[in-house]
Amino acid sequence: MAIVHATDATFQDDIKEGLVLVDFWAAWCGPCKMIGPVLEEMDAAGSAAKIVKVDVDNNQGTAAEYQIMSIPSLLLFKDGELVDKTVGFQPKEALEAFIAKHA
């Protein structure tokens with residue numbers, strides 16, 4: 001499954017089904033650049049969750065709706081409902097455990 005780059009217009013459709021890990025990020029954010037390859041590795045390995053990225057600079061409506069104050073913020077949705085949230089860089093093992101709690 002490929003990583004989805006959501007916009008304000010597509011976000012609700014992108015999270016409506018299954019387990020979805022959403023990465024709120026920005027191009028200028030150092031920790032965001034560090035977590036990008038981790039998410040790509042998880043996606044290539046067949047993550048238990050669909051991975052969606054939201055650029056907060058270009059999609060301020062969605063970022064505001066979920067009160068994103070720090071990035072990277074990783075929100076976990078299950079069938080469109082927010083079930084968990086973590087902020088800051090996380091290693092692959094920590095993200096896999098974060099997802100597994102709700103799989």
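**A walk from helix α4 through the salt bridges**

Let's begin at helix α4, whose buried residues are covered by parts of the chain that include β2 (19-25), α2 (30-44), β4 (73-78) and β5 (81-87). Please keep in mind that this is a predicted model. Which residues of α4 are buried? In this helix, which spans residues 92-100, L95, F98 and I99 are buried. They share one side of α4, because together they take up an arc of only 95° around the axis.

Helix α4 also has charged residues to look at. The side chains of K92 and E96 form a salt bridge, with 4.0 Å from N to O. About one helical turn separates K92 from E96, because they are four residues apart in α4. E96 has a relative accessibility of 38%, so it counts as partly exposed. The pair does not stand by itself: E41 joins K92 and E96 in a network of salt bridges.

Just past the helix, let's move on to K101. Its side chain meets that of D84 in a salt bridge of 3.2 Å, N to O. Here distant parts of the chain are linked, since K101 sits in the segment after α4 and D84 in strand β5, with their positions 17 residues apart in sequence. Are the two partners buried or exposed? K101 has a relative accessible area of 59% and is therefore exposed. D84, in contrast, counts as buried because its relative accessibility is 18%, and the cut-off for buried is under 20%.

Now turn to strand β2, one of the elements covering the buried residues of α4. How far apart are the closest N and O atoms in the salt bridge between D23 and K53? They are 2.8 Å apart. D23 belongs to strand β2 and K53 to strand β3 (residues 50-55), so this bridge ties together parts that lie 30 residues apart in sequence. Both partners, D23 and K53, are buried. Across the whole structure, a search finds five salt bridges, and those of D23 with K53, K101 with D84 and K92 with E96 are among them.

Our last stop is helix α3, which covers residues 60-65 and contains G61. With a relative accessibility of 41%, G61 counts as partly exposed, because partly exposed runs between the 20% limit for buried and the 50% limit for exposed. If you look from G61 towards A9, you cross 52 residues in sequence, while the C-alpha atoms of the two are 9.4 Å apart in space.

How values were computed
Residues numbered from 1 in each chain as written. Predicted model: local features only at pLDDT ≥ 70, side-chain atom pairs only at ≥ 80, totals over all residues. Heavy atoms only, no water. Buried < 20%, exposed > 50% of the residue type's maximum accessible area, 1.4 Å probe, protein only. Helix = DSSP H or I, 4+ residues; strand = E, 2+ residues; numbered from the N terminus. Arc of directions from axis to C-beta. Contact = heavy atoms within 4.5 Å.
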